[in-house]
Amino acid sequence: MMLPNKNLVERILHAVCFEALALLICVPALTLLMDQPPLTMGLLTLAISLTATLWNMTYNTLFDRLQKRLGFKRTLWVRVWHTLGFEAGLMAVVLPMAAWWLSITLLEAFAMEVGLLLFFLPYAYVYNLVYDRLREAGWLRRRRMAA
């Protein structure tokens with residue numbers, strides 16, 4: 001079933017929920033793994049999250065337009081390529097920012113990013129799959145209208 005495109009409010013809800021859940025998981029984990037103060041990792045993670053949120057809305061708007069133009073379905077492989085494209089674009093911005101913020105080399109920032117990718121690739125796939133299923137079932141629309 002092909003659902004109508006998301007409006008701006010739904011795009012914001014989608015992105016904010018995605019990032020909020022990721023922050024709840026990543027800040028404590030990165031604080032321990034990077035041996036950095038919680039405030040340092042919290043602020044960096046928030047900066048990355050804001051960057052990712054803006055990129056998420058932009059990237060998914062373009063992806064939805066491409067899907068509408070070409071008429072493809074969101075198969076497993078389309079979702080995999082969608083996620084990889086998103087992460088590659090985000091990495092181009094995040095690597096220099098993290099290296100500067102933590103006073104580490106780009107190679108160390110890349111290693112950190114690989115760790116984040118190992119988390120975010122399956123996280124993004126599962127999050128978007130669940131979100132799409134809830135949307136197809138009408139759950140999101142009913143809840144939004146009831147509020």
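## Rings, core and helix packing

Ring pairs join Phe18, Phe119, Phe120, Tyr123, Tyr127 and Tyr131 into a cluster. The model is predicted, so-called local features need pLDDT of at least 70, side-chain atom pairs count only at pLDDT 80 or more, and totals for chains, interfaces and linings use all residues. Residues are numbered from 1 along each chain as its sequence is written, and side-chain values use heavy atoms, without hydrogens and water.

**Exercise 1.** Classify the aromatic pair of phenylalanine 120 and tyrosine 123.

*Solution.* Start with the rule: ring centres of Phe, Tyr or Trp (its six-membered ring) lie within 6.5 Å; planes under 30 degrees apart are stacked, over 60 edge-to-face, the rest tilted. Here the centres are 5.6 Å apart and the planes stand at 90 degrees. The pair is edge-to-face. Next, place it: both residues lie in helix H4, three residues apart, about one turn of the helix. Both are buried (under 20% relative accessible area, 1.4 Å probe, protein chains only). The structure holds 13 aromatic pairs.

**Exercise 2.** Find which residues touch the most other members of the largest nonpolar core.

*Solution.* A core joins buried Ala, Val, Leu, Ile, Met, Phe, Trp, Tyr and Cys residues through side-chain atoms within 4.5 Å. This one has 29 residues, and Leu44 and Phe120 touch the most other members. Helices H1 (8–34), H2 (38–70), H3 and H4 each give two or more residues. Now trace leucine 44. Beyond neighbours within four places in sequence, its contacts (heavy atoms within 4.5 Å) are Met97, Ala98, Trp101, Leu102 and Met112.

Definitions and conventions. Helices (H or I, at least four residues) and strands (E, at least two) are DSSP runs, numbered from the N terminus. Buried means under 20% relative accessible area, exposed over 50%, partly exposed in between (1.4 Å probe, protein chains only).
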